[in-house]
Amino acid sequence: MTEENTTENQHRPPLRVGIVGLGRAAFFKHLPALKTLPELFRLVAVCDLLKERRDLAEKDWSNLRTYRRIEDMLDDPEIDLIDITLPTPDHMDVALSSLRRNKWTLVEVPLAVTYEDAKVLQAAAVKSRGKLFAYTPSIFTPDFLLAQRQLNEKRLGDIFEIRLSQQDYVRRDDWQSVKRCLGGCIWHSGTDALLEAITLLRTRPSQLWSELKRIASLGDAEDFAHIVLKTRSEITADIEICGGQLAPHSPSFVVRGTRGTFSVAPGATTGHLHVIDPVFHFPRRRSSVRTPALVDLHEDIPVLDIPYSLQDGAEFGPQAFWRALYASIRTAAPFPVAMEDLVDIIRYLQLIKKASPFAK
């Protein structure tokens, strides 16, 4: 944060936060991030059915109010922002309840699991004057930011494909691996993957293809998804979400152009351009239907490998997401993720689920 922003925030109180649902998302992601930003956020309440989870939160946070019933916490007038980290099936109803109480509301993705429900949430967000946000830190990661900056990289030539990859090897045995609990990688990771894709494509896809599989998961839900998005500009996004891939893993992003590629590893702050030397120009030549000469058509092409890093001072990671959220709430700054995009993404994910025999 710059000195100017720090001074500005001294005149605005931190947002008082209440977290609903004390699972892995809360303990491994949300709570650690909030702890690093005390000047912007103050955790004042938590809610969970399990007393041991509430007690665990109390050990780390002083003056914390704890609730067993969600309604009781939503009615707490001393909470500015409700942070919903519940299982997927509960996202929509609790978000609606929070918005009806005029609370700023943050929801783990997906917002809903049907397009119709997503439209209901979108209408509630409009009625609340934009008080609904989705937890989308994926577009603040350094590797995504590096890939996004390549869209104007002239050394790549004309971009024709973007590849996105999320790979791991996890033998999941929790509710996220069970179909009847709305588990599976489509609902777990699909929002982030498609949000990254349409942000990089800069337009809505005109065609969609997909396949789902189960590889390493111990449940019956998919842990592999291959999704291809094609736009009218002929740029394709090729997406892979795989929970059954041993290390080493593929680059998280590859941007392919007519003069080379850019690739970056997951979470890396430096990627690499592998491109034809910008000063090199191909000799003029035309195609011919005549009998070809007995020669190799490959040419001697000078290629450069160039490291490409984020600029000094560039902000990325979970803290960048939470700072953007604070700025949107306290200063009405535009939030980088449009609700319209999130609703459309749910439509795509629902189509992918319906089209797959495996998902039924």
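## A buried aromatic neighbourhood

Let's start inside this predicted model. Phe-321 has a relative accessibility of 0%, so this residue counts as buried. Its sequence neighbour Trp-322 also counts as buried, because the relative accessibility of Trp-322 is 0% as well; the cut-off for burial is under 20%.

Phe-321 and Trp-322 belong to a wider group of rings. Ring pairs join them with Phe-41, Trp-104, Phe-133, Tyr-135, Phe-140, Tyr-326 and Phe-335 in a cluster. If you are counting pairs, the tally of aromatic pairs comes to 12.

One of these pairs is worth a look on your screen: Tyr-135 with Trp-322. Their ring centres are 6.2 Å apart and their planes lie at 50 degrees, so the pair is tilted. This pair ties together distant parts of the chain, with Tyr-135 in strand β6 (residues 132–135) and Trp-322 in helix α9 (residues 318–331), 187 residues apart. Both Tyr-135 and Trp-322 are buried. Trp-322 also pairs with Phe-321: here the ring centres are 5.5 Å apart and the planes are at 85 degrees, so this pair is edge-to-face.

## Helices α5 and α6

Next, a pair of helices. Two packed helices are described by the angle between their axes and by the distance between those axes. For α5 (residues 91–100) and α6 (residues 115–127), the axes come within 10 Å and cross at roughly 15 degrees. An angle under 35 degrees counts as roughly parallel, so α5 is roughly parallel to α6. The crossing of α5 and α6 is left-handed.

To find the contact in your viewer, pick out Met-92, Ala-95, Leu-96 and Leu-99 on the α5 side; they meet Asp-117, Val-120, Leu-121, Ala-124 and Ala-125 of α6. By residue class, this contact holds 8 nonpolar residues, no polar ones and 1 charged.

## Helices α7 and α8

A second helix pair is formed by α7 (residues 142–149) and α8 (residues 185–201), whose axes come within 10 Å and cross at roughly 20 degrees. That angle makes α7 roughly parallel to α8. The crossing of α7 and α8 is right-handed, whereas α5 passes α6 in a left-handed crossing.

Here Phe-144, Ala-147 and Gln-148 from α7 meet Glu-196, Thr-199 and Leu-200 from α8. The residues of this contact comprise 3 nonpolar, 2 polar and 1 charged.

## Two buried loop residues

Finally, let's visit two loops. Gly-184 sits in the loop that runs between β7 (159–167) and α8. The relative accessible area of Gly-184 is 3%, so this glycine is buried. Leaving aside residues up to four places away in sequence, Gly-184 touches Gln-176, Ala-221 and Glu-222. The C-alpha atom of Gly-184 is also separated by 9.5 Å from that of Ala-225, 41 residues apart along the chain.

Where is Ser-252 placed? Look in the loop between β10 (236–242) and β11 (253–257). Ser-252 counts as buried because its relative accessibility is 4%. Which residues does Ser-252 touch, not counting residues up to four places away in sequence? Its contacts are Asp-143, Arg-163, Leu-164, Ser-165, Val-264, Ala-265 and Pro-266.

Notes:
Residues numbered from 1 in each chain as written. Predicted model: local features only at pLDDT ≥ 70, side-chain atom pairs only at ≥ 80, totals over all residues. Heavy atoms only, no water. Axes fitted to C-alpha atoms, helices over the stretch in contact; angles between N-to-C directions. Helix = DSSP H or I, 4+ residues; strand = E, 2+ residues; numbered from the N terminus. Parallel < 35°, antiparallel > 145°, perpendicular 65-115°, else oblique. Left-handed = near helix turned anticlockwise from the far one by under 90°. Contact = heavy atoms within 4.5 Å. Nonpolar A, V, L, I, M, F, W, Y, C, P; charged D, E, K, R; others polar. Phe/Tyr/Trp six-rings, centres within 6.5 Å; stacked < 30°, edge-to-face > 60°. Buried < 20%, exposed > 50% of the residue type's maximum accessible area, 1.4 Å probe, protein only.
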